[in-house]
Amino acid sequence: RFLFMARLHHKKGILPLVQGWLLSSLANTSNFELVIAGPDDGELVHIESLIEQCQNITYLGAVYGEDKENLLMSSHIYVLPSYSEGFPSSVLEAMDFGLLPLISEGCNFPEAFENKHVVSLEPNATEISKTLVEISEWPLQTIIEKGIAAKEFVAHNYTNDIVTNQLYALAQEFIKP
């Protein structure tokens, strides 16, 4: 299961993702599924008719709480081909659930790229299609192992305690006499 979980906004790259899925050999196959979750922020009108063309794309709308956790636990790959992000907490959340992230450089998460915990995916339908097919050919065990490595990366670098301590140390540098 491939999961896109973010606002349906132009900058998130949802349109090229759906177009790329439709271009790929994954479209309308029973072995793969693209689940789209998140509140509409103007893009649903652009992807609705495309979703209707495909039997294995599902749009759930916004999900919260236990439903969100269940969705993350039942997915394997997180997809965010964003044009621009400040820092996408949704990617950290997906990694924390052991999903392999396919993200763009626009997600502004260079540490994840440097440590090879994500797969590069730019917001271009043709490139997305190629990457989706490539990932679909990986053994599931490889995807799971990479997801576990991503989860460990988050646990060692991005927990609330770690980030709080980093911010505290940085603040202390500025208030030294």
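**Exercise 1. The contact between α1 and α6**

Task: In this predicted model, find which residues of α1 meet which residues of α6, and work out how the two helices are oriented to each other.

Solution:
- Start with the residues themselves. From α1, take Pro 16, Leu 17, Gln 19, Gly 20, Trp 21 and Leu 23; their partners in α6 are Ala 125, Thr 126, Ile 128, Ser 129 and Leu 132.
- Next, sort them by class: the contact of α1 with α6 has seven nonpolar residues, four polar ones and no charged ones.
- Now turn to the geometry. Helix α1 covers residues 14-23 and helix α6 residues 125-136; their axes come within 7 Å and cross at roughly 55°.
- An angle of that kind is neither under 35 degrees nor in the range 65 to 115, and therefore α1 and α6 are oblique to each other.
- Finish with the hand: the crossing of α1 and α6 is right-handed.

**Exercise 2. Another residue of α6**

Task: Decide whether Thr 131 is buried or exposed, and list what Thr 131 touches.

Solution:
- Place the residue: Thr 131 sits in helix α6.
- Check its accessibility. The relative accessible area of Thr 131 is 13%, and the cut-off for buried is under 20%, so Thr 131 is buried.
- Look for neighbours, leaving aside residues up to four places away in sequence: Thr 131 touches Val 119, Ser 120 and Leu 121.

**Exercise 3. Helix α4 and the glycine after it**

Task: Find which residues of α4 are buried, what they pack against, and where Gly 98 lies.

Solution:
- Pick out the buried residues in α4: Ser 90, Val 91, Leu 92, Ala 94 and Met 95.
- Follow them outwards. These buried residues pack against β1 (2-5), α3 (65-73), β4 (77-80), β5 and α7 (140-157).
- Step past the helix end: Gly 98 lies in the loop between α4 (89-96) and β5 (100-103).
- Inspect the backbone there. Just after α4, Gly 98 takes a positive phi of about 85°.
- List its contacts: beyond residues up to four places away in sequence, Gly 98 touches Gly 147, Ile 148 and Lys 151.
- For a distance, try Gln 53. It is 45 residues from Gly 98 along the chain, and the two C-alpha atoms are separated by 30 Å.

**Exercise 4. Cysteines**

Task: How many disulfides are there, and are Cys 54 and Cys 107 buried or exposed?

Solution:
- Apply the cut-off: a pair of cysteine sulfur atoms within 2.5 Å would count. By this rule there are zero disulfides.
- Then check burial. Cys 54 has a relative accessible area of 6% and is buried.
- Cys 107, at 0% relative accessibility, counts as buried too.

Technical notes. Residues numbered from 1 in each chain as written. Predicted model: local features only at pLDDT ≥ 70, side-chain atom pairs only at ≥ 80, totals over all residues. Heavy atoms only, no water. Axes fitted to C-alpha atoms, helices over the stretch in contact; angles between N-to-C directions. Helix = DSSP H or I, 4+ residues; strand = E, 2+ residues; numbered from the N terminus. Parallel < 35°, antiparallel > 145°, perpendicular 65-115°, else oblique. Left-handed = near helix turned anticlockwise from the far one by under 90°. Contact = heavy atoms within 4.5 Å. Nonpolar A, V, L, I, M, F, W, Y, C, P; charged D, E, K, R; others polar. Buried < 20%, exposed > 50% of the residue type's maximum accessible area, 1.4 Å probe, protein only.
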